[in-house]
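Let's take a walk through this one together. Have the model open and turn it as we go.

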Amino acid sequence: MFLPQPLTTMLYFQLVIMAGTVMLAYYFEYTDTFNVHVQGFFCYETAYTKPYLGPEDTSAIPPALLYAVVTGVPTLVITVTETVLFLIKYTSKDLDSREKTIVNGDCCYLNPLVRRNFRFLGVYMFGLFTTDIFVNAGQVVTGNLAPHFLTVCKPNYTALGCQQALRYISHQEACTGNEDDILRARKTFPSKEAALSVYAAVYLAVVCVVHNFKGKQLLNEDPPQDHPSNNPMVSSPRMESPLEKYITSQNHIAFAEIT
């Protein structure tokens, strides 16, 4: 099965954009390619001395559970919804031929259910990775400290000269705790859990507003008929002008005189 050249070019272009988005999200999430902004703190600042509840893997929303939910639930909802719509509206016997002609230009056939699922899920996954990139970029740029930052930072207040509580500490070497815990404590805003969850919920609801889940003109609807007034081949009766009527009558008189 061969695809037309414009469709193939567009497909490659979309795959390149998707691959670049996934790679950028990976570098933000799992590498130290982008340095986090170091935000300072005051000695003994009570806003950042909350107790540390432990690593993210043992928290109420582990990262693995978050990604599984925001990826699996929308995929399941979209697939089930599109399948139900397809089965309900699959009542036309010439569906296959019409879809083949309208969508693929009589070149190659792609089932409309598969096509719509790939389109919706592709857009959703692209938006999900894009949201993840913006959230990670915001965390790297702001470097907002978590409420338990000083608990994991474990600064040596004596070495830092914190005899006065109003002394401001702004250098990264002030912390003596675990580096991974400190790095996570510097990346708290915007919240990734909130951003990805909101995106997943909004996508599933906006999709309905823009009629993406409505199967209109997809399955069993007949193509619209042209109105006679819009058809150049159909014309209304022609009205003769008074001048034309006069010329016609004179021709008849002349013809009668000759005969």
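Two aromatic rings of Phe, Tyr or Trp count as a pair here if their centres lie within 6.5 Å, with Trp represented by its six-membered ring. Planes under 30 degrees apart make a pair stacked, over 60 edge-to-face, and the rest are tilted. With that in hand, the structure turns out to hold 9 aromatic pairs. Keep in mind that this is a predicted model.

Let's start with two of those ring pairs. The rings of Y44 and Y157 sit with their centres 4.1 Å apart and their planes at 25°, so this pair is stacked. Where do Y44 and Y157 lie along the chain? Y44 belongs to the loop between β1 and α2, while Y157 belongs to the loop between α5 and β2, so the pair ties together parts that are 113 residues apart in sequence. The two partners are covered to differing degrees: Y44 is partly exposed, at 45% relative accessible area, whereas Y157 counts as buried at 17%.

Now look at Y124 and Y203. Here the ring centres are 5.2 Å apart and the planes make an angle of 55°, so the pair is tilted. This pair also links distant parts of the chain, with Y124 in helix α4 (residues 112-142) and Y203 in helix α7 (residues 192-209), 79 residues apart. Are Y124 and Y203 buried or exposed? Y124 is buried, at 0% relative accessibility, and Y203 is buried too, at 12%. Elsewhere, ring pairs join Y26, Y27 and Y30 into a cluster.

Time to step back for the overall layout. The protein chain has 8 helices and 2 strands, and from the N terminus on they run α-β-α-α-α-α-β-α-α-α. Of its 259 residues, 27% count as buried. The chain exposes about 17700 Å², with carbon and sulfur atoms supplying 64% of that area. Take the contacts with a separation of 6 or more: 85% of them are between residues 24 or more positions apart.

Next, the covalent links. How many disulfides are there? The count comes to 2 disulfides. One is formed by C43 and C162, whose sulfur atoms are 1.9 Å apart. The angle about its S-S bond is -55°, a left-handed link. C43 lies in the loop between β1 (41-42) and α2 (63-89) and C162 in the loop between α5 (149-153) and β2 (168-169), so this disulfide ties together parts 119 residues apart in sequence. Those are the loops that also hold Y44 and Y157, respectively. Both C43 and C162 are buried.

The other disulfide joins C153 to C175, again with 1.9 Å from S to S. C153 is in helix α5 and C175 in the loop between β2 and α6 (179-185), 22 residues apart. The torsion about this S-S bond is about -100°, so the disulfide is left-handed. C153 and C175 are both buried. Number the bonded cysteines in sequence order, and the pairing reads 1-3, 2-4.

From C162 we can move straight into the interior. In general, nonpolar side chains of soluble globular proteins tend to be buried together. In this model, the largest nonpolar core has 17 residues, and C162 is among those with the most contacts inside it, along with F41, Y48, F149, L150 and I169. The elements that give two or more residues to this core are α5 and α6, and α5 brings the largest share, 4 residues. Apart from that core lies another, of 11 residues, including V70, F120, Y124 and L128. So the tilted ring pair of Y124 and Y203 has a member in this core, namely Y124.

What does C162 touch, leaving out residues up to four places away in sequence? The list is C43, Y44, Y157, R167 and I169. It takes in the disulfide partner, C43, and both rings of the stacked pair, Y44 and Y157.

One last stop is D181, in helix α6. At 17% relative accessibility, D181 counts as buried. Its side chain makes a polar contact with the side chain of Y52, at 3.4 Å. Leaving out residues up to four places away in sequence, D181 touches Y52 and V152.

Key. Residues are numbered from 1 along each chain as its sequence is written. This is a predicted model: local features need pLDDT of at least 70, side-chain atom pairs count only at pLDDT 80 or more; totals for chains, interfaces and linings use all residues. Side-chain values use heavy atoms; hydrogens and water are left out. A disulfide is a pair of cysteine sulfur atoms within 2.5 Å. Buried means under 20% relative accessible area, exposed over 50%, partly exposed in between (1.4 Å probe, protein chains only). A nonpolar core is a set of buried Ala, Val, Leu, Ile, Met, Phe, Trp, Tyr and Cys residues joined through side-chain atoms within 4.5 Å. Contact means heavy atoms within 4.5 Å. Accessible areas come from the Shrake-Rupley method with a 1.4 Å probe; for residues, only the protein chains shown count as cover. A polar contact is a pair of N or O atoms within 3.5 Å; within protein, one must be able to donate a hydrogen and the other to accept it, and residues adjacent in sequence count only if both atoms are side-chain atoms.
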